[in-house]
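Please brief me on this chain. Start with the overall fold, then move to the cores and to a few single residues.

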Amino acid sequence: MIAHRGYSAKYPDNTALAFEKAAENRSGGAETDVRITKDGVFVACHNEEAKFFDGTELLVSESTFEELTAKPLFNEKSDDTVYLCTFREYLEIMKKNNMVCFIELKGSYTDEQVKAVFDLAADTYDLSKCILQSFDFDNLIKCREMFPDLPLMYTYSTNMGSYECCFEHGIAIDADRIVITQDMVDEFHAHGLEVGVWTVNTPDELERISALGVDYIESDCFGG
């Protein structure tokens with residue numbers, strides 16, 4: 001089980017608290033989204049803007065890390081005071097709990113910035129415990145050239161055409177729960193490739209997806 005943006009059903013997503021609670025809830029890993037601040041700090045944030053407790057917002061790409069951490073984030077899920085989490089903090093939590101890292105890069109990245117992200121992952125944790133996910137197949141190919149040993153997953157959903165390119169390049173798949181089938185799982189496994197599914201949040205769906213024999217299930221609310 002992979003905690004989607006941490007234990008995001010009960011705690012503010014992509015925060016250190018959500019990642020720690022995912023570990024306490026026995027998740028085998030946690031997914032995060034990575035953005036770059038104006039001054040080049042990698043932070044865990046899904047949206048383009050960070051929303052604060054006082055209702056104000058700042059664009060991550062146009063704000064410094066100091067500006068983005070000057071006040072707590074908006075939190076409607078718990079009584080905790082939380083701040084923007086760095087990618088390094090996320091990696092440290094994952095390492096401490098021996099968890100798998102599902103990583104999606106948000107926004108625009110130069111080749112140098114992509115290299116910096118995964119150099120940091122290698123220095124802080126272990127690239128073999130990290131999986132880069134992307135809807136953009138070309139981005140995955142580019143990362144394969146820079147980091148041949150980095151596990152890759154093609155994030156796949158409806159209206160995206162064929163996934164046959166995965167077999168040619170040896171890239172795993174992370175499929176939307178509404179498109180995953182037993183045949184797809186069997187086909188990827190026959191090629192020696194793993195299968196993840198997102199985002200599974202009801203008991204019935206969890207039972208159905210588990211029965212397919214997938215390797216990873218991303219969820220907001222279920223742990224290990």
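The briefing below runs from the whole chain down to individual residues.

The model is predicted. The chain folds into eight helices and twelve strands. Its radius of gyration is 17 Å, which agrees with the value near 17 Å for a compact globule of 224 residues. Half of the story is inside: buried residues make up 50% of the 224.

**Overall shape and surface**

- The C-alpha trace spans about 50 × 40 × 35 Å along its principal axes.
- Of the contacts with a separation of 6 or more, 52% join residues 24 or more positions apart.
- About 10500 Å² of the chain is exposed. Carbon and sulfur atoms supply 45% of that area.
- There are 19 positive and 42 negative side chains. The centres of the two sets lie 5 Å apart.

**Nonpolar cores**

- The largest nonpolar core holds 60 residues. Phe87, Tyr90 and Phe118 have the most contacts inside it.
- A second core is separate and has nine residues. Among them are Cys45, Ala50, Val60 and Leu68.
- Beyond its neighbours up to four places away in sequence, Tyr90 touches Phe19, Ala30, Glu31, Thr32, Cys85, Cys101, Phe102 and Ile103.

**Leu105, in a strand**

- Leu105 belongs to strand β7, residues 100–105.
- Leu105 has 19% relative accessibility, so it counts as buried; the cut-off is under 20%.
- Setting aside residues up to four places away in sequence, Leu105 touches Val34, Val114, Val117, Phe118, Leu132 and Gln133.
- Leu105 and Gly28 are 77 residues apart in sequence. Their C-alpha atoms are 21 Å apart in space.

**Leu150, in a loop**

- Leu150 sits in the loop between α5 (137–146) and β9 (152–156).
- Leu150 is buried, because its relative accessible area is 2%.
- Not counting neighbours within four places in sequence, Leu150 is in contact with Phe118, Leu127, Cys130 and Leu132.
- Phe118 and Leu132 appear in the contact lists of both Leu105 and Leu150.
- The C-alpha atoms of Leu150 and Met94 are separated by 16 Å. The two residues are 56 apart along the chain.

**Positive phi outside glycine**

- Asn14 has a positive phi, near 60 degrees, and is not a glycine.
- Asn14 lies in the loop between β1 (2–4) and α1 (16–24).
- At 2% relative accessibility, Asn14 counts as buried.
- Arg26 also has a positive phi, about 70 degrees, without being a glycine.
- Arg26 is found in the loop between α1 and β2 (29–36).
- Arg26 counts as exposed, because its relative accessibility is 60% and the cut-off is over 50%.

**Points to check on screen**

- Which residues have the most contacts inside the largest nonpolar core? They are Phe87, Tyr90 and Phe118.
- Is Asn14 buried or exposed? Asn14 is buried.
- Is Arg26 buried or exposed? Arg26 is exposed.
- Where does Leu150 lie? Leu150 lies in the loop between α5 and β9.

How values were computed:
Residues are numbered from 1 along each chain as its sequence is written. This is a predicted model: local features need pLDDT of at least 70, side-chain atom pairs count only at pLDDT 80 or more; totals for chains, interfaces and linings use all residues. Side-chain values use heavy atoms; hydrogens and water are left out. Helices (H or I, at least four residues) and strands (E, at least two) are DSSP runs, numbered from the N terminus. The radius of gyration is taken over C-alpha atoms; the globule rule is 2.2 Å times the number of residues to the power 0.38. Buried means under 20% relative accessible area, exposed over 50%, partly exposed in between (1.4 Å probe, protein chains only). Contact means heavy atoms within 4.5 Å. Accessible areas come from the Shrake-Rupley method with a 1.4 Å probe; for residues, only the protein chains shown count as cover. Lys and Arg count as positive and Asp and Glu as negative; His and the chain ends are not counted. The place of a charge is taken as NZ of Lys, CZ of Arg, CG of Asp or CD of Glu. A nonpolar core is a set of buried Ala, Val, Leu, Ile, Met, Phe, Trp, Tyr and Cys residues joined through side-chain atoms within 4.5 Å.
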